[in-house]
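Trainee: I should like to learn how one reads a protein structure. May we proceed feature by feature?

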Amino acid sequence: MKIAIGCDHGAFRLKNEIIEFLNSENYEVKDFGTYSEESCDYPDIALPVAEAVVNKEYDFGILVCGTGIGIGIAANKVPGVRAALCSDTFSAHATREHNNANILTMGQRVVGTGLALDIVKTFLNTEFEGERHQKRIDKISEIEKKYSK
């Protein structure tokens, strides 16, 4: 499985911990930056990760910033992205199973490393249920089409 990952300066350390975990689990990982704790703008990281996921270059994306909120908002502007902010494993499981989320967002200032890795494991190991949930995903796609003109 191929994972695109990125962060802003507010989550540089957590991103590196996640990459180390993903590598130990034999995931193919591409780090889209940032590569230091020097201040940067999260939309500049969210966009290439979101595009890589939507273009099916990567199976999933993981984006982290201080809270996970801003970077997720930016990613969700790309049609086809369903970025979900998760601070617990239940939400990570539910968003994959029901929403077919393709990008996980988290906040370094919100979750510790141990919980973050549990969230990542849950997100990547949960399958989309499809069926009744697919019609809702289709409705989200229709909203995107309506406003992506």
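Mentor: We shall discuss the sheet, the cores and then some individual residues. Please keep in mind that this is a predicted model.

Trainee: Let us begin with the sheet. In what order do the five strands stand, and is the pairing parallel or antiparallel?

Mentor: One reads a sheet by listing its strands in spatial order. Here the order is S2-S1-S3-S5-S4, the sheet is open, and the strands pair in the parallel sense.

Trainee: Which strands stand at the edges?

Mentor: They are S2 (28–31) and S4 (83–85); each has a single partner strand, so one side of each lacks a neighbour in the sheet. Direction ignored, neighbouring strands are turned by 20 degrees against each other on average.

Trainee: How many bridges join S4 and S5?

Mentor: The two strands pair over three bridges, in the parallel sense. For Ala84, the bridge partner in S5 is Leu104.

Trainee: Which strands does H1 touch as it packs on the sheet?

Mentor: H1 touches S1, S2, S3 and S5, and its direction makes about 165 degrees with that of S1. Helix H2 (residues 42–54) also packs on the sheet, where it touches S1, S3 and S5; its direction makes about 165 degrees with that of S3.

Trainee: I should now like to consider the interior. Which residues of the largest nonpolar core touch the most other members?

Mentor: This core has 27 residues, and those with the most contacts to other members are Ile18, Leu22, Ile62, Leu104, Met106, Val120 and Leu124. At least two core residues come from each of strand S1 (2–7), helix H1 (12–24), strand S3 (60–65), strand S5 (103–107) and helix H5 (113–125). A second, separate core has 18 residues, including Phe32, Ile45, Leu63 and Val81.

Trainee: What does Ile62 touch, leaving out residues up to four places away in sequence?

Mentor: Its contacts are Ile3, Ala4, Ile5, Gly6, Ile18, Leu22, Ile103, Leu104 and Val120.

Trainee: Let us turn to single residues. Is Asp8 buried or exposed?

Mentor: One consults the relative accessible area, and a residue under 20% is called buried. Asp8 has 6% relative accessibility, and therefore counts as buried. Asp8 lies in the loop between S1 and H1. Beyond its neighbours within four places in sequence, Asp8 is in contact with Thr34, Cys40, Tyr42, Val64, Cys65, Gly66 and Ile71.

Trainee: How far apart are the C-alpha atoms of Asp8 and Asp41?

Mentor: They are separated by 6.6 Å, although the two residues are 33 residues apart along the chain.

Trainee: Which positions does UniProt list under "binding site"?

Mentor: The unreviewed UniProt entry lists several, among them Asp8, His9, Asn99 and Arg136. The listed positions are spread over 129 residues of sequence and also in space, up to 39.1 Å between C-alpha atoms.

Trainee: Where is Asn99 found?

Mentor: Asn99 belongs to helix H4 (residues 89–99). With a relative accessible area of 36%, Asn99 is partly exposed. His9, in the loop between S1 and H1, is partly exposed with a value of 27%.

Trainee: To conclude, what does the side chain of Gln108 reach?

Mentor: Gln108 is placed in the loop between S5 and H5, and its side chain reaches the backbone nitrogen of Leu14 at 2.9 Å. At 18% relative accessibility, Gln108 counts as buried.

Notes:
Residues numbered from 1 in each chain as written. Predicted model: local features only at pLDDT ≥ 70, side-chain atom pairs only at ≥ 80, totals over all residues. Heavy atoms only, no water. Core = buried A, V, L, I, M, F, W, Y, C linked by side-chain atoms within 4.5 Å. Buried < 20%, exposed > 50% of the residue type's maximum accessible area, 1.4 Å probe, protein only. Helix = DSSP H or I, 4+ residues; strand = E, 2+ residues; numbered from the N terminus. Contact = heavy atoms within 4.5 Å. Pairing = 2+ DSSP bridges. Axes fitted to C-alpha atoms, helices over the stretch in contact; angles between N-to-C directions. UniProt positions renumbered as here; feature names shortened; annotations may be inferred. Polar contact = N/O pair within 3.5 Å; in protein donor to acceptor, adjacent residues only side chain to side chain.
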